[in-house]
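User: I'm new to this one and would like to know why things get the labels they do. Can you take me through it?

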Amino acid sequence: MESSLPGLEAILLVGGQGTRLRPLTLGTPKPLLPTAGVPFLAHQLARARSFGVRRIVFATSYKASMFEPVFGDGAAFGLSLEYITEETPLGTGGAIRNAAEALTSGPGDPVLVLNGDILSGHDIGDQVRTHLAREAAVTLHLTEVDDPTRFGCVPTDESGRVTAFLEKTPNPVTNRINAGCYVFTRSVIDRIPAGEVVSVERETFPGLIDSGDLVLGYADRTYWLDVGTPAAFVRGSRDLVLGRLDSPALPGPTGEYLALDGARVSPEAKVQGGSAVGAGAVVEAGASVVGSVLGDGCVVESGASVTDSVVGRGARVCGGALVRDAVIGDRAVVGPGNELQAGVRVWPGIELPERAVRYSSDV
């Protein structure tokens with residue numbers, strides 16, 4: 001697979017603030033959040049490498065200085081990494097144009113563009129080869145979703161040519177949506193105005209369609225997930241641990257749970273459903289953890305129950321507490337007998353006293 005795409009370069013868009021994931025993103029950019037035991041982007045980098053990508057330019061903005069200390073020059077991934085920062089956010093198109101200054105590819109070469117909040121199982125190599133064979137200006141990965149009303153939809157004709165970019169609508173004409181992975185011909189990127197705020201979805205792609213350029217849809221039905229919300233973030237980590245999506249970056253075997261170095265999981269605890277247990281985290285006897293992400297150094301005490309949730313670094317869930325579909329910030333303490341569920345978020349460092357929050361009546 002690698003030999004068919006020699007020297008392929010990529011741009012990775014990682015500038016977003018991750019507001020939908022707060023408080024997890026207050027101190028950490030979304031692409032660096034621990035996902036199935038490694039920073040989220042590690043999965044994307046490893047997959048890109050497996051398809052022949054050798055050089056990636058990071059388009060950073062929010063907390064830009066945090067990326068290079070984590071990934072360095074990319075040698076650990078078999079990649080060469082470059083970091084380009086937007087001083088002011090330029091939108092998706094502006095970010096791609098800005099990062100392209102660091103590309104070495106020629107005008108006719110394909111350039112892969114990846115979004116830093118997508119998990120996808122599609123065949124990147126086949127997408128690139130399709131782009132080259134059809135001599136497209138840009139080739140968009142399209143995926144099919146059950147509820148396209150939450151996304152802009154992308155209709156195509158019988159040849160695969162994209163005919164329009166439609167904003168969110170209650171009556172979508174198709175269930176195919178923009179899946180956030182693009183192959184551009186380098187010269188097309190160079191046509192995006194430099195230093196300006198530009199949206200590829202609202203300006204670049206519709207403009208190419210209007211001018212008669214070939215904008216191609218590459219549609220498939222493989223695994224796809226936008227991890228922008230806490231529930232989706234938890235699901236993504238869970239699916240990776242369970243092996244529903246293959247990742248060369250997974251730091252251990254797939255299974256009911258993944259425990260990092262120094263984690264202590266009692267044999268009398270119930271830990272399952274694709275849970276990830278961070279380094280130095282403790283799950284005591286009699287605790288239950290299902291389908292959740294436990295941060296480094298956190299503690300789930302005996303008698304506590306954590307389901308479909310995120311427990312931040314150094315946080316503590318005390319005995320008798322129930323945490324379901326919730327986010328517990330770093331160093332927060334959930335006192336005994338609390339019931340946290342239905343998307344509730346506890347900010348970092350907050351200490352909830354015993355039985356402070358209840359969903360059920362006390363018996």
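Analyst: Sure, with one bit of vocabulary to start: Ala, Val, Leu, Ile, Met, Phe, Trp, Tyr, Cys and Pro count as nonpolar, Asp, Glu, Lys and Arg as charged, and the others, Gly among them, as polar. By those classes, the lining of the largest cavity has nine nonpolar, eight polar and two charged residues. Keep in mind that this is a predicted model.

User: What makes it a cavity, and what volume does the largest cavity have?

Analyst: A cavity is a set of points where a 1.4 Å probe fits but cannot get out, whereas a pocket is an open set. The largest cavity has a volume of about 170 Å³, and the structure holds one cavity of 30 Å³ or more.

User: Which residues lie nearest the centre of the largest cavity?

Analyst: Q44, R47, L114, I118 and S120, out of 19 lining residues. Helix α1 gives the largest share of that lining, four residues.

User: Why is the pair of F58 and F67 called edge-to-face?

Analyst: A pair of aromatic rings is described by the distance of the centres and the angle of the planes. Rings pair if their centres lie within 6.5 Å, and planes over 60 degrees apart count as edge-to-face. F58 and F67 sit 6.1 Å apart, centre to centre, with 65 degrees between the planes, so they meet both cut-offs.

User: How do you know whether F58 and F67 are buried or exposed?

Analyst: Buried means under 20% relative accessible area. F58 has 0%, and F67 has 0% too, so both count as buried. These two rings also belong to one aromatic cluster with F71, F77 and Y83.

User: What about F151 and W224: why is that pair edge-to-face?

Analyst: Their centres are 6.1 Å apart, with 70 degrees between the planes, and the angle needed is over 60, so the label fits. F151 lies in the loop between β8 and β9, while W224 is in strand β11, so the pair ties together parts that are 73 residues apart in sequence. Both F151 and W224 are buried.

User: What makes β13 and β28 edge strands?

Analyst: They belong to an open sheet of six strands, in the order β13-β16-β19-β22-β25-β28, with parallel pairing. β13 (264–265) and β28 (351–352) each pair on one side only.

User: How do you know that β13 pairs with β16?

Analyst: Two strands pair if there are at least two bridges between them. β13 and β16 have two bridges, in the parallel sense, so they qualify. As for partners, R264 is bridged to V282 in β16.

Technical notes
Residues are numbered from 1 along each chain as its sequence is written. This is a predicted model: local features need pLDDT of at least 70, side-chain atom pairs count only at pLDDT 80 or more; totals for chains, interfaces and linings use all residues. Side-chain values use heavy atoms; hydrogens and water are left out. On a 1 Å grid over the protein atoms alone, a cavity is a set of points where a 1.4 Å probe fits but cannot get out, and a pocket is an open set with protein on both sides within 12 Å along at least five of seven lines; lining residues have an atom within 4 Å of a point. Grid points are joined across faces, edges and corners, and a volume is the space filled by probe spheres set on the points. Rings of Phe, Tyr and Trp (its six-membered ring) pair if their centres lie within 6.5 Å; planes under 30 degrees apart count as stacked, over 60 as edge-to-face and the rest as tilted. Buried means under 20% relative accessible area, exposed over 50%, partly exposed in between (1.4 Å probe, protein chains only).
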